[in-house]
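Visitor: Could you take me through one part of this model at close range, contact by contact? I would like the cut-offs spelled out as we go.

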Amino acid sequence: MQKLSINTESLESLSKLTVAILVLRCLFLPQTSPQDWIRLRLLQDHVEERKDTKLQKLCQDFLVNYLRDIGLNRNQISDNEIHQVCGILDSNAFESKTLDGVESRAVFPLSAMVNSSCLPNMTHVTRKDRKMVFVASRDIREGQELFICYTGTRWGNITQRKHLLLTKHFLCRCPRCLDPTECGTFISSIKFPVCEGNMVQEAQRDSNVCNMPWHCQKCRYEMEHKKVVAIETMIGKMLKLVNKNSTHHLEQVSRKLKRVLTSHHYILLEIYMNLVTL
């Protein structure tokens, strides 16, 4: 086991250590728990897909360089091995909470093998004993594949695709994602102001580039994908200024957004969920 030199008097060093400690624990698994290391290495790291990306550069500049500064020996653990562990954690870790509500991430190797669908038939919970449990969220036939959702089931397709491409390096092609109406929910659709028809985007089955134009189902008007992204971005910036604890403000902004978004749009659903909790 390597001996590291950590400056505990520097707040900057300690803040970096909180990020690096999980990576260090994984890197030392061959010595501390060989069986867990074998299980961890079965998971995808997407090192090739991450090459020359902003994510890889951030990992190199922030994490790899810090580990070298505190004494992690390059001859025993290479830069590529560190990037492999970072890739495994980014692609497979689950968000979790401690008993006192502290948010964290944890790797459950067997759970990470489950495939994703935006129409999942299972949900997952972390028990008090830190074990993950899958619970059926709908009827499951004998022999049917089990799915969880890697994103939020109420996320729109623009947000979902961006997250999956960045962290998992794939585009979801489940039945919901291949349906421009998302199973009739229109949860990502905006309104075309002239005819108030729903604008949808055709699914791309054979490409990881999600830039197909959107079209109105009523009048067939076509809009560039980047314009739809700009509308969602503008709405996101506006919502940051809204008082989430004010019923009046939330109701007011929802009325305004109904002019632009379909009634079941995921942004409106999040506002309604906030209103329910007030």
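Guide: Happy to, and let us begin at E182. Leaving aside neighbours within four places in sequence, E182 is in contact with N157, R176, I187 and S188, where contact means heavy atoms within 4.5 Å. Before going further, a word on the ground rules: this is a predicted model, in which local features need pLDDT of at least 70 and side-chain atom pairs count only at pLDDT 80 or more, while totals for chains, interfaces and linings use all residues. Residues are numbered from 1 along each chain as its sequence is written, and side-chain values use heavy atoms, with hydrogens and water left out.

Back to E182, which sits in the loop between helix 8 (175-178) and strand 7 (190-191). Helices (H or I, at least four residues) and strands (E, at least two) are DSSP runs, numbered from the N terminus. One of the contacts of E182 is R176, and the side chains of E182 and R176 are joined by a polar contact of 3.1 Å. A polar contact here is a pair of N or O atoms within 3.5 Å; within protein, one must be able to donate a hydrogen and the other to accept it, and residues adjacent in sequence count only if both atoms are side-chain atoms. E182 counts as buried because its relative accessibility is 6%; buried means under 20% relative accessible area, exposed over 50%, and partly exposed in between, using a 1.4 Å probe and protein chains only.

Now to the cysteines. C177 is buried too, with a relative accessible area of 13%. The closest cysteine sulfur to that of C177 belongs to C118, and at 3.6 Å it is too far for a bond, as a disulfide is a pair of cysteine sulfur atoms within 2.5 Å. C219 is in no disulfide either, the nearest cysteine sulfur being that of C195, 3.6 Å away. A relative accessible area of 37% makes C219 partly exposed. Searching the whole structure turns up zero disulfides.

From C219, step along to R220, which lies in the loop between strand 9 (214-216) and strand 10 (222-223). R220 is not a glycine, yet it has a positive phi of about 70°. With 53% relative accessibility, R220 counts as exposed.

R130 also deserves a look: its phi is near 70°, a positive value in a residue other than glycine. R130 is in the turn of a hairpin formed by strand 4 and strand 5, with five residues between them. Those strands, residues 122-126 and 132-136, run antiparallel and are joined by five bridges; two strands pair if DSSP finds at least two bridges between them. Among the partners, H124 is bridged to F134 in strand 5. R130 itself is exposed, at a relative accessible area of 71%.

For a contrasting site, try I88 in helix 6 (residues 79-92). I88 counts as buried because its relative accessibility is 0%. Apart from neighbours within four places in sequence, I88 is in contact with L40, R41, L43, Q44, D45 and A93.

Finally, confidence: the chain averages a pLDDT of 89, and 97% of the residues score at least 70, pLDDT being the predictor's confidence in each residue, from 0 to 100. Among the elements of the chain, strand 6 (residues 147-148) has the highest mean pLDDT, 96, and strand 1 (residues 94-97) the lowest, 81.
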